[in-house]
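Reader: Thanks for sitting down with me. I would like to go through the labels one at a time and see how each is earned. Could you show me the model?

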Amino acid sequence: MAAIAHTAANGAPEPGSEGVSERLDAVAEMPDELRADVRLLGELLGQVIAEQGGPDLLADVERLRKAVIAAKRGETTADEIAAMVAEWPIDRAVQIARAFTCYFHLVNLAEEHHRIRSLRQRDQGGVPLRESIAEAVERLRDDERLGDLIENLEFHPVLTAHPTEARRRAIVTAIQRISAQLGVYRTAAGASEREEAKRRLIEEIDILWRTAQLRPTKLDPLDEVRTAMAVFDETLFRVVPKIYRTLDAALAPGTGTREPRARAFIRFGSWIGGDRDGNPYVTARVTREAIQIQAEHVLIALENATSRIGRALTVANLFTPPSAELSAAIAQAEGDHPDLMSELAKRSPREPHRQWLLFVAARIAATRRRDLDLAYRSPDELLADLRLVQRSLRDAGAVRQAYGELQHLIWQVETFGFHLAELEIRQHSEVHAVALKEIASGSLSERTEEVLATFRTIAWIQERFGVAACSRYIVSFTRSAADIAAVYELARHALGDRAPVLDVVPLFESGDDLEHAPEVLDGMLRLEPVRERLAANGRRLEVMLGYSDSAKEIGPAAATLRLYDAQAALAEWARANDIRLTLFHGRGGALGRGGGPANRAVLAQAPGSVAGRFKVTEQGEVIFARYGHAEIARRHIEQVTNAVLLASTPAVESKAAEAAARFRELAELVAAASERAYRALVEAPGFPEWFALVSPLEEIGRLRIGSRPPRRGLGAPRSLDDLRAIPWVFAWAQTRVNLPGWYGLGSGLAAAEASRGMDELRAAYREWPLFASMMDNAEMSLAKTDRAIAARYLALGGREDFAEQVLGEYDLTRRLVLEVTGHRRLLENRRVLSRAVQLRNPYVDALSHLQLRALAALRAGGLSETEHERLSTLLLLSVNGVAAGLQNTG
């Protein structure tokens, strides 16, 4: 890979065909620091490959690399590359696929380092960083609603176990170690330190090369819980108080020396171990164990933080006397726990504040061990003890100690409690309907018994950790208020008067369900359990909107516009019914599942639908991409918070409302025509079978990337309904078509242009945030599409009509997207992303050719069991590599 790194760092192919000039520009614009990191990592990987596989392996990697770049220049053909790939023994092809996959992991790492460098360089003080919390507060400084916005601000990311992270946890941790070592290497002060860092760096790259890319066994739900805990341990726990500190500093001078004005506005949720819709492996036992794992991690983190702060708080009572309140509390503790307090007094003589915090740390440890004599009964008890010592420090004049690290700890308790993230339950409405029928008949199936056991588990969680730990119950495919009533009825069957507190959340997923959502909510208001909850919680109600299934059903453009209309209707419904509505956005990581930049998505929401609150799912590879590194996690949360604050202001809302009204008819033209084009393809006879042939859909299920089955039912898909949205998007990404992100939009734009003219479309792009976001996301998806490679995949299905239909819509969409945006080429106005795509594409092509070899042979059949197994390994490795190269799966 040394030559790969050399090319990326120092040169580019000569121009000669469409797309080459873009690649030249991308290489020329590569920042020096990023160029140096890519070159270093590539050279070290090349050294490892040569050492382990021999110089011949590295030479073959170079042959393929040069060939795919030559193909971009028009100097060789795809047929010639396919012939070269076919010559290699399968085992050699597997090694080459591993080489390119490892290279992508390292390039991704280098780009992450450069992003962090860029953030640091731009944060020079004086002027707030663009899309930061400080910028939002500065822009709203004179807005009389700023205080209310801050008071009601809420960002609620919900981590899910949807299988969109193709990398093994072992690969992720290996990459993290390389990342840390690269940082050491770049900051080494002397030559010997630098040389040692380089030795460690190549050692870690060697481990990455030797680590199996594919999981040997299928994940179970508790594996997924533990994987998510790594993000909490490594970043989230430490990042959250820094976010609050940033907000507090923006609101008023003197943060850290006064009572904070920022409140804890981030709340984490989790579906991992709670989402049983379509996943038979998530049981009541799993849910119970999931919350216990979460509690273990957060209590350890709180104990460690409290001990660290307590040990450092060596303020003597001579200079910082304790308050009478704190002295009384210590005396009470000495009476209740004499041995412990005596030991703490010996370790911290005449340091009462230190003694108290170390006592608090001991109580947190007892809470984790379930030592009831010493344990806290709730996070509120812990907060009371922390605020007690905070008041004492403040009254003694030690305001920096009162409102510094101790305040960070208070914010952490307020955010995470003893449960870390609210465990949300999700189940399909049909499961509830069947369960009620069985209860009425007196004959209960195992699944219905499990439904009832789930409610008992929710009650146990609430008793142990509080209602905040688990009260939300999401009903997939909610069609009527009866689907909501069924949940409350089942809870009563399970526990009678001891039924848990439930906030039942309707999930609207299909186009029709989105359209009729207000009618369902009207029915909900007539339900006695719903009215009781509204009376108890300040008339708060949550509604979830499904992006994935709606896009899969009616196409990305029509779904985007239908979701916008649904949000506007729900916001109006909430105003009319005096409801504080929170819309829960079930967005995936990929563009075909509602993905894309989160801050731009917030600003594109319907007026009145944000109202200072934003709740969204964070899935698969997105969890690690957004929260895997502390500085990137902080930047992401700041960008979302910035957008939530701005989107909730009258100025932004009125501008969006005016644009939506002006371009309403245009949007309807785009939506109707795009939906017709999309349905004409996906509902055509034979389409599901064709899709299964031209993509690695069947094989993706064997990647073992999640505990959830990849589709509903068994056998080949008979219709789109049989496919889950994630493998649908994942498989299209592998074919380099990315169809779920753009298909139908071209037909929609063509219809609108014919009726209203191109100038009207361009005006909508300039003036309407929703339309601009839709176009920009489609442009990104088109940029990751490779027409020539895609055509080779589509040819595998033996249906030239389908292939021509897809490629024709691609050509139309690409042309019209460029006309509407006014760009000469895709991503012209997004230089960083464009550079990453242009530099990656040839190397993704290499993996695609390897995948095409395996896929064609597997589809042709007539293989021995050994050949089939080896080709399947090659295909799955290439799937993993393409996902790394494109930086998204589902």
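Author: Gladly. Let's begin with a term: a residue is called buried under 20% relative accessible area and exposed over 50%, and partly exposed in between. Keep in mind that this is a predicted model.

Reader: What makes Asp811 partly exposed?

Author: Asp811 has a relative accessible area of 35%. The partly exposed class lies between 20% and 50%, so Asp811 falls in it. Arg787 is also at 35% relative accessibility, and therefore counts as partly exposed.

Reader: How do you know that Asp811 and Arg787 form a salt bridge?

Author: The distance from N to O is 2.8 Å. The rule asks for a side-chain nitrogen of Lys or Arg within 4 Å of a carboxyl oxygen of Asp or Glu, so the pair qualifies. This salt bridge links distant parts of the chain: Arg787 is in helix H38 (residues 787-794) and Asp811 in helix H39 (residues 800-821), 24 residues apart.

Reader: Why is H38 called roughly antiparallel to H39?

Author: Their axes come within 10 Å and cross at roughly 160°. Angles over 145 degrees count as roughly antiparallel, so H38 gets that label relative to H39. The crossing is right-handed. In the contact, Arg787, Ala791 and Leu794 of H38 meet Ala803, Val806, Leu807, Tyr810 and Asp811 of H39.

Reader: What separates Glu819 and Arg815 in helix H39?

Author: About one helical turn, because Glu819 and Arg815 are four residues apart in H39. Their side chains meet in a salt bridge, at 3.0 Å from N to O. With the limit set at 4 Å, that pair passes too. Glu819, at 25% relative accessibility, is partly exposed, and so is Arg815, at 41%.

Reader: Which residues do salt bridges that share partners join into one network?

Author: That network consists of Arg177, Glu196, Arg199, Arg200, Glu203 and Glu204. By the rule we have been using, the count comes to 65 salt bridges.

Reader: What does the salt bridge between Asp845 and Arg736 tie together?

Author: In that salt bridge, the closest N and O atoms are 2.9 Å apart. Asp845 lies in helix H40 (residues 831-860), while Arg736 is in the loop between helix H34 (725-734) and helix H35 (745-756), so the pair ties together parts 109 residues apart in sequence. Both Asp845 and Arg736 are buried, a label that calls for under 20% relative accessible area.

Reader: What makes helix H5 roughly perpendicular to H40?

Author: The axes of H5 (residues 78-87) and H40 come within 10 Å and cross at roughly 65°. The roughly perpendicular class runs from 65 to 115 degrees, so H5 is placed there with respect to H40. This crossing is right-handed. Ala78, Ile81, Ala82, Val85 and Ala86 in H5 meet His849, Leu850 and Arg853 in H40.

Reader: Which residues have the most contacts inside the largest nonpolar core?

Author: They are Phe265, Leu302, Trp356, Leu382, Leu386 and Phe455, in a core of 145 residues. Helix H11 (residues 221-251) gives the most to this core, with 15 residues. Apart from it lies another core, of 133 residues, including Val682, Ala763, Val837 and Leu876.

Reader: Which residues does Leu386 touch?

Author: Leaving out residues up to four places away in sequence, Leu386 touches Leu357, Val360, Leu406, Leu409, Ile410 and Val413. In soluble globular proteins, nonpolar side chains tend to be buried together.

Definitions and conventions
Residues are numbered from 1 along each chain as its sequence is written. This is a predicted model: local features need pLDDT of at least 70, side-chain atom pairs count only at pLDDT 80 or more; totals for chains, interfaces and linings use all residues. Side-chain values use heavy atoms; hydrogens and water are left out. A nonpolar core is a set of buried Ala, Val, Leu, Ile, Met, Phe, Trp, Tyr and Cys residues joined through side-chain atoms within 4.5 Å. Buried means under 20% relative accessible area, exposed over 50%, partly exposed in between (1.4 Å probe, protein chains only). Helices (H or I, at least four residues) and strands (E, at least two) are DSSP runs, numbered from the N terminus. Contact means heavy atoms within 4.5 Å. Axes are lines fitted to C-alpha atoms, for helices over the stretch in contact, and angles run from 0 to 180 degrees between N-to-C directions. Angles under 35 degrees count as roughly parallel, over 145 as roughly antiparallel, 65 to 115 as roughly perpendicular and the rest as oblique. A crossing is left-handed if the near helix is turned anticlockwise from the far one by less than a right angle, and right-handed if clockwise.
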